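Here are a few short exercises to work through with the model open. Try each one yourself before you read the solution.

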Protein chains: 2
Amino acid sequence: MNGAVSAGQETRTRILDTAERLMGERGFEVPLRAITAEAGVNLGAVNYHFHSKDALLDAIIARRFTPVNQRRLEMLDTLEACHPEGALPLEEVLEAFLRPVFESSPDMCHIRPLIGRIYSAPREFLSRVYGRHLTGVIQRFISALQRAAPDLPPAELFWRLHFTVGMMVHTMNWASILPVISNGACEVGDPGETTARLVAFAAAGFRTHVPATEKHFHA
Amino acid sequence: MNGAVSAGQETRTRILDTAERLMGERGFEVPLRAITAEAGVNLGAVNYHFHSKDALLDAIIARRFTPVNQRRLEMLDTLEACHPEGALPLEEVLEAFLRPVFESSPDMCHIRPLIGRIYSAPREFLSRVYGRHLTGVIQRFISALQRAAPDLPPAELFWRLHFTVGMMVHTMNWASILPVISNGACEVGDPGETTARLVAFAAAGFRTHVPATEKHFHA
DNA sequence: GTCTATAACGGGATAGAC
DNA sequence: GTCTATCCCGTTATAGAC
């Protein structure tokens, strides 16, 4: 029970780091051999530590998603403690949802290029990720948003959180290309600045009136 | 020179249709064998018609992106013709950008699950798609949005169009899961309704004030 | 123009040595 | 607990028959 990191854990971490980076650069289909070569570990170590390539991806996701979601719920708890009843401040709820994604751990930027790929994975995989990491958080934030925008119909609220997630995912995902296509005008740099931009845009969206949906009744 | 579709074109189309659907369900890594089996064509036909699997994907993308972009520019042209000078109506510019994605051809829904995967593909692939199908359209819409929101700094405008794209992509991409996770509350059904929701949210976002970015000057 | 058969390769997983 | 060597499978692409 000493404080030193065992060699096994060190290997495990190196695999995780390298796999995250290479899958970000080249996609999930990057060969395990490419990962182990760059990590300077043996191919067998992957199956020893993670059992399969799929499970390695699960571990990559869990390592980044878990602390972000913890931080999100922490911030939301604090917010709710400050406002035990009545309306919650919309901007601050959105900030609790978005800020941890951009700053939380100093290595969140490593999973950026993978985020969009995770969120657009085939259904079966996506359902697993959603059930494991997203359901609970989304439900908590839906409740909080209901208190922040009490006049919004529940379906509309869900749509708007959905839009917010889309903005967030796309911003993470295109972080490295954005400066190129915008001729240097846009850059995902300071977490606070990025979050502020997202929060301002989303909050305005949440506050706008529900569009008149000329619904056709079924005869 | 008769009007009948040659057998070769028929095969080509069947490959395109099946590949689009299967790649949507299972990801790009779906084997060509699975595609040709379901399409009822021979494996060799793929390489005959498309030269390679990569080029097949390019063809899938071109077939859906091209008409959408044409329609977008048509709508924008009409809009600009109606307002030869002065401000453009923001909602209508956004509608020209978004509506064709959801209604244009009746088969746009087939590429939905692929959209997110295309937009989160590895850099090299993404740059190719962006250069081929997106650069021009984005530039045209940036110009139009400058006329619709003249007070917005160019960088902020680009950010906000970027957010809008994220909302759109995520909505396409999660179209089939959205009803499940929202307990039936949300559904991508009528194109007009979906577009209206996106336009309302985005327009409000575009209209909000630029957040005060307490920029730290470098000493 | 279309299909068959095959080549050439690279992948993940594993059994067993260390 | 870690590494080596190997197995076996599925892949794309192609050469050549029809």
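The exercises below look at symmetry, cysteines and domains in this predicted model.

**Exercise 1.** Work out how chain A is related to chain B.

Solution. Start with the superposition: a rotation of 180 degrees, with 0.0 Å of shift along its axis, puts chain A on chain B with an RMSD of 0.0 Å. The two copies are therefore related as by a two-fold rotation axis. Next, check the contact residues: 100% of those of chain A recur in chain B, so the same surface serves both copies.

**Exercise 2.** Find out how many disulfides there are over all chains, and why Cys186(B) is not in one.

Solution. First, search the whole structure: the count is zero. Now take Cys186(B): the closest cysteine sulfur belongs to Cys109(B) and lies 19 Å away, which is too far for a bond. Then look at accessibility. Cys186(B) has 0% relative accessibility, so that residue counts as buried. Cys82(A), at 57%, counts as exposed.

**Exercise 3.** Describe how domain 1 and domain 2 of chain A meet.

Solution. Begin with the bounds: domain 1 of chain A covers 7–51 and domain 2 covers 62–207. Their centres, taken over C-alpha atoms, are 28 Å apart. Nine residues of domain 1 touch eight of domain 2, and the area buried between them is about 710 Å², with 57% from carbon and sulfur atoms. On the domain 1 side, Glu20(A), Gly24(A) and Phe28(A) supply 71% of the buried area, more than any other three residues. Finally, count the salt bridges between the two domains: three. Glu20(A) also forms a salt bridge with Arg64(A), the closest N and O atoms being 2.6 Å apart.

Methods. Residues numbered from 1 in each chain as written. Chains lettered and ligands numbered in written order. Predicted model: local features only at pLDDT ≥ 70, side-chain atom pairs only at ≥ 80, totals over all residues. Heavy atoms only, no water. Least-squares fit on C-alpha atoms with pLDDT ≥ 70 in both. Contact = heavy atoms within 4.5 Å. Disulfide = S-S within 2.5 Å. Buried < 20%, exposed > 50% of the residue type's maximum accessible area, 1.4 Å probe, protein only. Domains from an automatic or database assignment. Buried area = accessible area lost by both parts, 1.4 Å probe. Salt bridge = Lys/Arg side-chain N within 4 Å of Asp/Glu carboxyl O.
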